[in-house]
Amino acid sequence: MDQLTDTLEALQEELADDDFDVEYSVSHCRQSGVLTVKLPKDKGTYVINKQPPNKQIWLSSPLSGPKRYDYSNEDQHWFYTRDGSFLLDLLEKELSDKLETKVSFEKLH
């Protein structure tokens, strides 16, 4: 989550749009946290929530709706069990479309 937050904050700086906001809040024990990404021009808000007890990441997307991702040790990716898609691939595609610029999480793969 820290690397994802850092990448999104770098994108925020690159776009230099005051309406684009990235905020990561963590619990006192730093076990769980919520990453909120508010897109500019009312294009929606993404909420990514770390769920340590379930070993999952929950995503709320303005495009694809809610999803729960499990971690694959084999692939070393967070994946959606219903269709096998990867969290970072979905975020790259949706954010690129919404922000009308290439968004890449290649360094996180």
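Is Lys-102 buried or exposed? Lys-102 is exposed, because its relative accessible area is 64% (buried means under 20% relative accessible area, exposed over 50%, partly exposed in between, with a 1.4 Å probe and protein chains only). This is a predicted model, where local features need pLDDT of at least 70, side-chain atom pairs count only at pLDDT 80 or more, and totals for chains, interfaces and linings use all residues. Residues are numbered from 1 along each chain as its sequence is written, and side-chain values use heavy atoms, with hydrogens and water left out.

**Pockets**

Lys-102 sits in the segment after α2 (helices are DSSP runs of H or I with at least four residues, strands are runs of E with at least two, numbered from the N terminus). From Lys-102 to Glu-92 there are 10 residues in sequence and 7.9 Å in space, C-alpha to C-alpha. Lys-102 also helps line the second largest pocket, along with residues including Gln-3, Thr-7, Glu-14, Phe-105 and Leu-108.

A pocket here comes from a 1 Å grid over the protein atoms alone: it is an open set of points where a 1.4 Å probe fits, with protein on both sides within 12 Å along at least five of seven lines, and lining residues have an atom within 4 Å of a point. Grid points are joined across faces, edges and corners, and the volume is the space filled by probe spheres set on the points. The table puts the two pockets side by side; for the lining classes, Ala, Val, Leu, Ile, Met, Phe, Trp, Tyr, Cys and Pro are nonpolar, Asp, Glu, Lys and Arg are charged, and the others, Gly among them, are polar.

| Pocket | Volume | Lining residues by class |
|---|---|---|
| Largest | about 400 Å³ | 11 nonpolar, five polar, three charged |
| Second largest | about 200 Å³ | five nonpolar, three polar, four charged |

So who lines the bigger one? The largest pocket has a volume of about 400 Å³. Its lining has 19 residues, and Met-1, Leu-4, Ile-57, Tyr-71 and Trp-78 are the closest to its centre. At least two lining residues each come from α1 (2-15), β3 (45-51), β4 (56-61), β6 (77-80) and α2 (87-99).**Helix α1 and the core**

Glu-14, another residue lining the second largest pocket, belongs to helix α1. Glu-14 counts as exposed because its relative accessibility is 59%. Its C-alpha is 14 Å from that of Ser-96, which is 82 residues away along the chain.

The largest nonpolar core (buried Ala, Val, Leu, Ile, Met, Phe, Trp, Tyr and Cys residues joined through side-chain atoms within 4.5 Å) has 23 residues, with Leu-8, Leu-91 and Leu-95 touching the most other members. Two or more residues of this core come from each of α1, β1 (21-26), β2 (33-38), β3, β4 and α2. The top contributor is α2, with six residues. Beyond its neighbours within four places in sequence, Leu-8 is in contact (heavy atoms within 4.5 Å) with Phe-20, Val-22, Leu-35, Val-37, Leu-95 and Phe-105.

**Two serines and Glu-94**

Ser-61 is in strand β4 and counts as buried because its relative accessibility is 7%. Its side chain makes a polar contact of 2.5 Å with that of Glu-94. A polar contact is a pair of N or O atoms within 3.5 Å; within protein, one must be able to donate a hydrogen and the other to accept it, and residues adjacent in sequence count only if both atoms are side-chain atoms. Leaving out neighbours within four places in sequence, Ser-61 is in contact with Tyr-46 and Glu-94.

Ser-64 is in the loop between β4 and β5 (65-72), and at 27% relative accessible area it is partly exposed. The side chains of Ser-64 and Glu-94 share a polar contact of 2.8 Å. Their C-alpha atoms are 8.6 Å apart, across 30 residues of sequence. With neighbours within four places in sequence set aside, Ser-64 is in contact with Leu-90 and Glu-94.
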